[in-house]
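Please look through the fold with me, one contact at a time, starting from a single side chain and working outward.

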Amino acid sequence: MTSTIDNIALVLVIIGALNWGCIGLFGFDVVAALFGGQMSIISRIIYSLVGIAGLWSITLLFKEKIPAKTRTE
């Protein structure tokens, strides 16, 4: 069972991955473009939250996995 913080972290990691994909493929930083440049306070907060979410996501690798359903025949 996933918690709300796990889901929020996952969304932030996906946002970060998409942003890095745009930087790598097109040289375009979406977060900086939307929030006033890389050094604006809002952009830096978003970058920090994405980084923290990435660190949190490491814990997801070590959580016990629960099988979806076990078949009984």
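In this predicted model, a polar atom in the side chain of N19 lies 2.9 Å from the backbone nitrogen of V30. The backbone nitrogen of V31 is also served by the N19 side chain, with a polar atom at 3.3 Å. N19 itself sits in helix 1, which covers residues 4-26. Is N19 buried or exposed? Its relative accessibility is 7%, and because buried means under 20%, N19 counts as buried. Leaving aside neighbours within four places in sequence, N19 is in contact with F28, D29, V30, V31 and Y47.

Helix 1 can be checked for its length. At 1.5 Å a residue, its 23 residues should span 33 Å, and the end C-alpha atoms are 33 Å apart, so the two values agree. After the helix comes G27, whose phi is positive, near 65°. Which residues of helix 1 are buried? They are D6, A9, G16 and N19. These buried residues pack against helix 2 and helix 3. An α-helix has 3.6 residues a turn, so residues three or four places apart point the same way. Within helix 1, D6 and A9 are both on the buried list, and so are G16 and N19.

I8 is also in helix 1, but I8 is partly exposed, because its relative accessible area of 47% falls between the 20% and 50% limits. The C-alpha atom of I8 is separated by 7.9 Å from that of A53, although the two residues are 45 apart along the chain.

The next link involves charge. A search of the whole structure finds one salt bridge. In this salt bridge the side chains of K63 and D6 meet, with 2.6 Å from N to O. The pair links distant parts of the chain, since D6 is in helix 1 and K63 is in the segment after helix 3, 57 residues away. The two partners can be compared by accessibility. D6 is buried, with a relative accessible area of 3%, whereas K63, at 35%, counts as partly exposed.

The surface has a nonpolar part to examine. L34, F35, I41, I42, I45, L49 and I52 make a nonpolar surface patch of about 690 Å². Which helices supply at least two residues each to the nonpolar patch? They are helix 2 (30-35) and helix 3 (41-60). Helix 3 gives the most, with five residues. One of the patch residues is I45, which lies in helix 3. With a relative accessible area of 45%, I45 is partly exposed, and therefore passes the cut-off of over 30% that a patch residue must meet.

The chain as a whole can now be described. It has three helices and zero strands, and from the N terminus on its elements run α-α-α. Of the 73 residues in the chain, 18% are buried. The accessible surface comes to about 6000 Å², and 73% of that belongs to carbon and sulfur atoms. Among contacts between residues at least 6 apart in sequence, 45% join residues at least 24 apart. The salt bridge between K63 and D6, 57 residues apart, links parts of the chain that are distant in sequence.

Note on methods
Residues are numbered from 1 along each chain as its sequence is written. This is a predicted model: local features need pLDDT of at least 70, side-chain atom pairs count only at pLDDT 80 or more; totals for chains, interfaces and linings use all residues. Side-chain values use heavy atoms; hydrogens and water are left out. Helices (H or I, at least four residues) and strands (E, at least two) are DSSP runs, numbered from the N terminus. Buried means under 20% relative accessible area, exposed over 50%, partly exposed in between (1.4 Å probe, protein chains only). A polar contact is a pair of N or O atoms within 3.5 Å; within protein, one must be able to donate a hydrogen and the other to accept it, and residues adjacent in sequence count only if both atoms are side-chain atoms. Contact means heavy atoms within 4.5 Å. Patches are made of residues with over 30% relative accessible area and no salt bridge: like charges are joined within 9 Å, nonpolar side chains (Val, Leu, Ile, Met, Phe, Trp, Tyr) within 5 Å. Accessible areas come from the Shrake-Rupley method with a 1.4 Å probe; for residues, only the protein chains shown count as cover. A salt bridge is a side-chain nitrogen of Lys or Arg within 4 Å of a carboxyl oxygen of Asp or Glu. The expected span of a helix is 1.5 Å times one less than its number of residues.
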